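Subject: Structure for you to look at

Dear colleague,

I am passing on a structure that I have been going through, and I would be glad if you kept it open while you read this message.

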Amino acid sequence: AEALEHGWKRVRGLACFWAAALAVAAVVIFPFILRARLLCGEWLFLRSNTGYAVLMGNNPTASGAYSTPSGEYGRRFNEAVGTGPGVEGRRDRLALIWAARFWWEEPRAALRLTLRKFALYLSPYEPPNNLSVYYYRQISFLGYPVFLTSTLLWPLALLGLVVEWPRRRRW
């Protein structure tokens, strides 16, 4: 009887912990959801493309890296979304439904994909996280020499050192 009571205390403790964690998450996230509602006129979970981002990682053509739904699956999804006014909101809602349907209809494939993502996360290989690496190379500063990319950072860092020098710690 004592062991059973101890088990229930543990379950209650875990339930209280998760309830508190969900409450904190709701308090932190809800202002952003409310802001999106006021700006866009519809309820969005943080961003207007959350559903599509979920679908990108949870569909039969996903590889575990950054990729849009492709092939016949991608074509069918784009046809289902259609065109015209409100396409962005419709695309996002449909994407969430299609991602959930992938997990419901193909749980083994979804689990294999999740394990692949976990393996990619742990591996030293870093898949590119954009559709056109070559385009971003053209517009980013990463190819420039360091002294050209840090023209704003270095003066501010030196100013911070000069300003804080009198208050430095003595070891």
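Below I describe what was found in it, beginning with confidence and then going from the inside to the surface.

Please keep in mind throughout that this is a predicted model. The chain has an average pLDDT of 81, and 80% of the residues reach a score of at least 70. Confidence varies along the chain, for among its elements helix H5 (residues 107-122) has the highest mean pLDDT, at 90, while helix H7 (residues 146-149) has the lowest, at 60.

The interior

The largest nonpolar core is made of 10 residues, and it brings together Tyr-52, Leu-55, Met-56, Tyr-73, Phe-77, Val-81, Leu-94, Ala-95, Trp-98 and Ala-99. The elements that each contribute two or more residues to this core are helix H2 (50-57), H3 and H4, and of these it is H4 that gives the most, with four residues. If you would like one member of the core to examine by eye, Val-81 is a candidate: leaving aside residues up to four places away in sequence, Val-81 touches Val-87, Arg-90, Arg-91 and Leu-94. There is also a second, separate core of five residues, and among them are Phe-102, Ala-109, Ala-110 and Leu-113.

The salt bridges

The count of salt bridges comes to four, and I will go through three of them here, beginning with helix H3 (residues 71-81). In one of them Arg-75 pairs with Glu-72, with 2.3 Å between the closest N and O atoms. These two residues are about one helical turn apart, because they sit three residues from each other in helix H3. Arg-75 also meets Glu-79 in a salt bridge, again through the side chains and with an N to O distance of 2.3 Å; here the two partners are four residues apart in helix H3, which is about one turn of the helix. As for how open these side chains are, Arg-75 has a relative accessibility of 37% and so counts as partly exposed, Glu-72 is likewise partly exposed at 44%, and Glu-79, at 53%, is exposed.

The next pair belongs to helix H4 (residues 87-105), where Arg-101 and Glu-105 are separated by about one helical turn because they are four residues apart. Their salt bridge has its closest N and O atoms 4.0 Å apart. Arg-101 is partly exposed, with a relative accessible area of 34%, whereas Glu-105 has 54% relative accessibility and therefore counts as exposed. Returning to helix H3, salt bridges with shared partners join Glu-72, Arg-75 and Glu-79 into one network.

The surface

Which residues make the nonpolar surface patch of about 450 Å²? The patch is formed by Phe-30, Leu-34, Leu-38 and Trp-43. Phe-30 belongs to helix H1 (residues 2-40), and with a relative accessibility of 43% this residue counts as partly exposed.

When you go through the model yourself, you might begin with Arg-75 and its two partners, Glu-72 and Glu-79, and afterwards turn to the core around Val-81.

With best wishes

Technical notes: Residues numbered from 1 in each chain as written. Heavy atoms only, no water. Patch = residues over 30% accessible without salt bridge, like charges linked within 9 Å, V, L, I, M, F, W, Y side chains within 5 Å. Areas by Shrake-Rupley, 256 points an atom, 1.4 Å probe, with all protein chains shown as cover. Buried < 20%, exposed > 50% of the residue type's maximum accessible area, 1.4 Å probe, protein only. pLDDT = per-residue confidence, 0-100. Core = buried A, V, L, I, M, F, W, Y, C linked by side-chain atoms within 4.5 Å. Contact = heavy atoms within 4.5 Å.
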